[in-house]
Amino acid sequence: MNPVQGTGAAEPVAAAAVAVPEAAGALKGPGRGGRRAAFAPVALVVAGGMSVQFGAALAVTLMPRAGAAGVVTLRLVAAAIVLLLICRPGLRGHSRADWGTVVAFGVAMAGMNGLFYQAVDRVPLGVAVTLEVLGPLTLSVFASKRLVNVVWAGLALAGVILLGGGGFGGLDLVGAAYALGAGVCWAVYILFSARTGRRFPQADGLALAMAVGAVVFLPIGVAQAGTALLVPSTVALGAAVAVLSSVLPYTLELLALRRLPASTFAILMSLEPAIAAAAGFLILDQSLSWPQALAIGLVIGASVGAVRTQIRVGRG
């Protein structure tokens, strides 16, 4: 989806969904069109998750060239340039609260990326995402106002734990700590992504936040990677990682958060370990065990349950 596409006549629906998330389904009604409208933001989240995890797998292959911090720098800088050129966000007419939201969003984005890539430099991709997703899962429990969402979060958490079964005993503790820190930043990212989507039109806030994240992380990347950041082939791969892991998924998620409550979005994020495991298998030649396959089934089941609950609420 082009991040600069206008919402046109759909803006009143999106605005109502932001104020009262269930309003999106209610405004559409219970018919087939209402079901499609209810599933549309879910499809955006899933597509974004696939893009970001396959981008992460590509980034792992780039780390020997530029290091973890160098990869993050290339990703954030390239994504910021692309989004700023496409969106051309205005710098005037925004309140101090608007700018505070964008800065917090950008810092959370930089922290999430930086900590996650430090983690995957030390632990397998699937395990890193398994630990990272605990942040959104915790958010889903605290943000939810319906008991059934706590049940879905618990089921997803069981799947997450099973997905890492047998792999945590000899795990690099520093890598695990980085992954858990990335999970905290991920939860903060979800909250401020939703707020940014409400305060800025289209993807303007995302473009500005990405620029903030790039500026925050640039000195760290330069200090670690140095001139490796200027090698053309490395820059090209970094740009590909930026599109797959930042530009496309963040835009899709920001649009989805305008029509999904944070609790449902956070549970959908529990699909990430399953997607990461698939990306690791296809790109990094990491195989899946039967317990891991069962874990994926639990996580998907929890996500489907959360989606169905949201649709029923929208119809009510």
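Where in the chain is the place of Ala203? Ala203 sits in the loop between H8 and helix H9, the latter covering residues 204-225. The model is a predicted one, and this loop is a convenient point of entry to it. Ala203 counts as buried, at 3% relative accessibility. Its C-alpha atom is 7.6 Å from that of Leu254, although 51 residues separate Ala203 and Leu254 in sequence.

Before following Leu254 further, the overall layout is worth setting out. The chain has 13 helices and zero strands, and the pattern read along the sequence is α-α-α-α-α-α-α-α-α-α-α-α-α. Of the 316 residues in the chain, 52% are buried. Among the contacts with a separation of 6 or more, 88% are between residues 24 or more positions apart.

Leu254 belongs to H10, where it takes part in the contact with H8. Two packed helices are described by the angle between their axes and the distance between the axes. For helix H8 (residues 173-199) and helix H10 (residues 232-257), the axes come within 8 Å and cross at roughly 70°. The two helices H8 and H10 are therefore roughly perpendicular to each other, as angles of 65 to 115 degrees are counted in that class. On the H8 side, the residues of the contact are Tyr189, Ile190, Ser193, Ala194 and Gly197; on the H10 side, they are Tyr250, Glu253, Leu254 and Leu257. By character, the residues of this contact divide into six nonpolar, two polar and one charged. An α-helix has 3.6 residues a turn, so residues three or four places apart point the same way. The numbering on both sides can be read with that in mind: Ile190, Ser193 and Gly197 are among the H8 residues, and Tyr250, Glu253 and Leu257 among those of H10.

Ser193 is one of the H8 residues in this contact. How buried or exposed is Ser193? Its relative accessible area is 0%, so Ser193 is buried. With neighbours within four places in sequence left aside, Ser193 is in contact with Leu254 and Leu257, and also with Phe105. Leu254 and Leu257 lie in H10, while Phe105 falls within the range of helix H4 (96-120). Elsewhere in the model, Arg195 lies over the face of Phe192, at 4.9 Å from the ring centre.

H10 can also be approached from another part of the chain. Ser51 has its place in helix H3 and counts as buried, at 7% relative accessibility. Beyond its neighbours within four places in sequence, Ser51 is in contact with Val243, Leu244, Ser245, Leu248 and Pro249. H10 covers residues 232-257, a range that takes in these partners of Ser51.

Helix H3 (32-87) is followed by a loop that leads to helix H4 (96-120), and Arg88 lies in this loop. Most residues other than glycine have a negative phi, and most peptide bonds are trans. Arg88 is not a glycine, yet it has a positive phi of about 45°. Arg88 is exposed, with a relative accessible area of 69%.

Aromatic residues come next. How many aromatic pairs does the structure hold? There are two aromatic pairs. In one of them, the ring centres of Phe116 and Tyr117 are 5.5 Å apart and the planes stand at 75°, so this pair is edge-to-face. Both Phe116 and Tyr117 are buried.

Helix H5 spans residues 125-132, and eight of its eight residues are buried, so H5 is largely enclosed by the rest of the structure. The buried residues of H5 are Leu125, Gly126, Val127, Ala128, Val129, Thr130, Leu131 and Glu132. Glu132 is thus included among the buried residues of this helix.

Helix H7 (residues 147-163) contains Ile161, and Asn149 lies in H7 as well. Which of these is buried and which exposed? Asn149 counts as buried, at 5% relative accessibility, whereas Ile161 is exposed, with a relative accessible area of 53%. Each has a C-alpha separation to report across a long stretch of chain. Asn149 and Thr264 are 115 residues apart in sequence, and their C-alpha atoms are 7.7 Å apart in space. Ile161 and Ala295 are 134 residues apart along the chain, and 7.8 Å separates their C-alpha atoms.

Terms used. Residues are numbered from 1 along each chain as its sequence is written. This is a predicted model: local features need pLDDT of at least 70, side-chain atom pairs count only at pLDDT 80 or more; totals for chains, interfaces and linings use all residues. Side-chain values use heavy atoms; hydrogens and water are left out. Axes are lines fitted to C-alpha atoms, for helices over the stretch in contact, and angles run from 0 to 180 degrees between N-to-C directions. Helices (H or I, at least four residues) and strands (E, at least two) are DSSP runs, numbered from the N terminus. Angles under 35 degrees count as roughly parallel, over 145 as roughly antiparallel, 65 to 115 as roughly perpendicular and the rest as oblique. Contact means heavy atoms within 4.5 Å. Ala, Val, Leu, Ile, Met, Phe, Trp, Tyr, Cys and Pro count as nonpolar, Asp, Glu, Lys and Arg as charged, and the others, Gly among them, as polar. Buried means under 20% relative accessible area, exposed over 50%, partly exposed in between (1.4 Å probe, protein chains only). Rings of Phe, Tyr and Trp (its six-membered ring) pair if their centres lie within 6.5 Å; planes under 30 degrees apart count as stacked, over 60 as edge-to-face and the rest as tilted. A charge sits over a ring if NZ of Lys or CZ of Arg is within 6 Å of the ring centre and within 35 degrees of the ring normal.
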